[in-house]
Amino acid sequence: MDDTELTRRAANVRLLLSDVDGVMTDGSLAFDASGVESKTFNVRDGLGVKLWMRGGGPFGIVTGRCSSIVASRAEELGLPIVHQGVHDKLPIVERIAADEGVALAEVAYIGDDLPDLPVVKAVGFGVAVNDACVEMLAEADFVTRLPGGRGAVREVVETLLRHSGRWEVALAG
């Protein structure tokens, strides 16, 4: 996608949704001896989420796994939209878009693996992190330079805000 097309498409995005494992984290699942799960989130991605909500609109999570860690991170970031345990993501994304009063063409979605593929193909700005599965990389409108859990969400936010002229608004917020 050239810069002109990127600018045109970024200007249309009013809702940003993301998977968690492999996007907001590096996809690793760690369990201690008691079976307690841990995940690592990138602080720059967290600031990116906050910048998006200041200058771009709502940010939400749509993830296949259920985790109290994700709920805690979403609460910490003040996310208005959190859906866990979602195995068929497209109907949920369609419902979220309707609830937010936006068309699918005004939604950006960041994913990394096959469960994200129908959503990436359906939304106006489908994103794959650079270490996504080959099918995602082939179908995405935009592929990040950074891998999941290592600043890819922040990269998407900055790309969308800068190309839509909303970067300064986000910084001033």
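This short presentation describes the central sheet of a predicted model and the surroundings of one residue, Val 20.

Let me begin with the sheet. The model contains an open sheet of 6 strands, paired in parallel, and their order is E5-E4-E1-E6-E7-E8. At the edges are strand E5, residues 81–83, and strand E8, residues 142–143, each of which pairs on one side only. Helix H7, residues 152–163, packs on this sheet and touches E1, E4, E6, E7 and E8. The direction of helix H7 makes about 165° with that of E1.

I turn now to strand E4. Strand E4, residues 59–62, runs parallel to strand E1, residues 15–18, and 3 bridges join the two. Within this pairing, Leu 16 has Phe 59 as its bridge partner, while Ser 18 has Ile 61. Strand E4 is also joined to E5 by 3 bridges, again in parallel, and here Val 62 stands opposite His 83. Together with helix H3, residues 68–77, strands E4 and E5 make a right-handed β-α-β unit.

Which way do the residues of E4 point? Phe 59 and Ile 61 point one way, Gly 60 and Val 62 point the other way, and all are buried.

Finally, I come to Val 20, which lies in the loop between E1 and strand E2. Is Val 20 buried or exposed? Its relative accessible area is 0%, so Val 20 is buried. Beyond its neighbours within four places in sequence, Val 20 is in contact with Thr 25, Phe 41, Ile 61, Thr 63 and Val 70. Ile 61 thus appears twice in this account: as the bridge partner of Ser 18 and as a contact of Val 20.

Terms used: Residues numbered from 1 in each chain as written. Predicted model: local features only at pLDDT ≥ 70, side-chain atom pairs only at ≥ 80, totals over all residues. Heavy atoms only, no water. Pairing = 2+ DSSP bridges. Helix = DSSP H or I, 4+ residues; strand = E, 2+ residues; numbered from the N terminus. Contact = heavy atoms within 4.5 Å. Axes fitted to C-alpha atoms, helices over the stretch in contact; angles between N-to-C directions. Buried < 20%, exposed > 50% of the residue type's maximum accessible area, 1.4 Å probe, protein only. Right-handed = clockwise from strand over helix to strand, strands pointing away.
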